[in-house]
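Q: Please take a close look at one strand of this structure. I would like a connected account of its partners and its surroundings, with a word on how far the coordinates can be trusted.

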Amino acid sequence: MTRSLDIGGATLPAAPVARLPARRPSAPVSPASAPGYDWLVVGAGFAGSVLAERLASERGERVLVIDRRPHIGGNAYDHLDAAGVLIHRYGPHIFHTNSRAVFDHLSRFTEWRPYQHRVLGRVDNRLVPIPINLDTVNTLYGLDLTSDELDAWFAARAEPVDTVRTSEDVVVSKVGRELYEKFFRGYTRKQWGLDPSELDKSVTARVPVRTDRDDRYFTDKLQFMPAHGYTRMFERVLDHPLITVRTGTDYAEARQDAAFARLVWTGPVDEFFGCRFGRLPYRSLRFVHETLGQEWFQPVGTVNYPQTEAYTRITEYKHLTGQAHPQTSITFEYPEACRWRSESA
Ligand SMILES: Cc1cc2nc3c(=O)[nH]c(=O)nc-3n(C[C@H](O)[C@H](O)[C@H](O)COP(=O)(O)OP(=O)(O)OC[C@H]3O[C@@H](n4cnc5c(N)ncnc54)[C@H](O)[C@@H]3O)c2cc1C
């Protein structure tokens, strides 16, 4: 059956559900009566959960999924807080993709709520759209430029850079030093603990600057939130008679206790090798969640703070989830060194 989907004027062709290659005849899969599992999947986030479901449904194999956190969903985990507001424990997650196949596959496990994420930045004590667009520049500088005039305005400020090497080069060569200082420098220093001049150009591979008034944060054709939350969606993905889920279980423990033929690892890759090839330079975030005794806190889902404050951004979830509630819950994100990595592994 051919289907198509019309979303915001973009009609996408239907795509088949992702299929795994057929089981290799030589694969050491245990017979149904044997104890143990055909697969141990380490990590119950998107990667581990989706793959576990495919292995169980498509190939009829027995899968043990473990996660060292006390829940499924990985970084996309969401839950009701003490006030009953649905929040994302590890910061805001918005589902966006240009892949109809990905969307169709997950649609088997959730209904969706259309949602376009919008972000404002508090810059020079005003709230302006991020990524920078026509309204951002006109508001900040008290101008009334058209899109064509904004192109020329950027070009007049862009600094020629012979060879673009660093993240600073990427930005100043596109929009000039003043916008670099206002929007990028402070934010990058907070986020990475390094000045953009010390970061490779690949970190800021491209500067999403728009000359029109498009204020959507993402431009993917498919942008939604799972209607009943990510965790509910993951519960349905993992709800299969051939899948066993054990949360609060580290790989170090499971490899001792569980019999399995094959392994899928979705954790940090250096940790898989016991860091014997060195440690990758991970950065971390500390999330501070608060519930406020008011219905709304800010005008959009996320407000960034590139110039002031120790945190980088505040997210108010009700914008994302559409939940009606007399109170509201917000999360502050504080970038920091990755302590758990230096303590473990
Ligand atoms: C603040 C933030 C915001 C984000 N926002 C978005 C967004 O809006 N949209 C988007 O598409 N993406 C977003 N992402 C990216 C998204 O989180 C990841 O792409 C996604 O979570 C990757 O899924 P995963 O399964 O590979 O990894 P994870 O979700 O990290 O899952 C891996 C799991 O493996 C477990 N694990 C690791 N090691 C072990 C071990 N030794 N034993 C047992 N378990 C182990 C971990 O506990 C974890 O739960 C965001 C990321 C962050 C940090």
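A: pLDDT is the predictor's confidence in each residue, from 0 to 100. The model is predicted, and local features are described only at pLDDT of at least 70 and side-chain atom pairs only at pLDDT 80 or more, whereas totals for chains, interfaces and linings use all residues. Residues are numbered from 1 along each chain as its sequence is written.

The protein chain has an average pLDDT of 90, and 88% of its residues score at least 70. Two stretches call for caution: over residues 25–33 pLDDT stays under 50, and the model has eight contacts for them beyond four places in sequence, a contact being two residues whose C-beta atoms, placed from the backbone, lie within 7 Å. Over residues 1–17 pLDDT likewise stays under 50, and here the model has 24 contacts beyond four places in sequence. Where pLDDT is low, the predicted coordinates should not be read in detail.

The part chosen for the close look is strand E3, which covers residues 37–42; helices (H or I, at least four residues) and strands (E, at least two) are DSSP runs, numbered from the N terminus. E3 is mostly covered, with six of its six residues buried, where buried means that 20 or more other C-beta atoms, placed from the backbone, lie within 10 Å of the residue's own.

E3 belongs to an open sheet of four strands, ordered E12-E4-E3-E13, in which the pairing is parallel; two strands count as paired if DSSP finds at least two bridges between them. The edges of this sheet are strand E12 (243–247) and E13, each of which pairs on one side only. Direction ignored, neighbouring strands are turned by 20° against each other on average, the axes being lines fitted to C-alpha atoms, for helices over the stretch in contact, with angles from 0 to 180 degrees between N-to-C directions.

E3 pairs with strand E13 (residues 260–265) in the parallel sense over five bridges. In that pairing Trp-39 stands opposite Arg-262, and Val-42 stands opposite Trp-265. E3 also pairs in the parallel sense with E4, through four bridges, and here Val-41 stands opposite Val-65 of E4. Strands of a sheet pair through backbone hydrogen bonds, either parallel or antiparallel.

A helix lies over this arrangement: H1 lies across E3, E4, E12 and E13, and runs at about 170° to E4. H1, which spans residues 46–59, also takes part in the surroundings of the ligand, as does strand E4 (63–67), these being the elements that give two or more residues to the shell around the ligand. H1 gives the most to that shell, with three residues. In total, 24 residues surround the ligand, and the closest are Gly-43, Gly-45, Gly-74, Gly-91 and Gly-267; a residue is taken as near a molecule if its C-beta atom, placed from the backbone, lies within 6 Å of it.

Taken together, E3 is a strand with six of six residues buried, placed between E4 and E13 in the sheet order, and H1 lies across E3 as well as E4, E12 and E13.

Terms used. A residue is buried if 20 or more other C-beta atoms lie within 10 Å of its own, exposed if 12 or fewer, and partly exposed in between; C-beta atoms are placed from the backbone.
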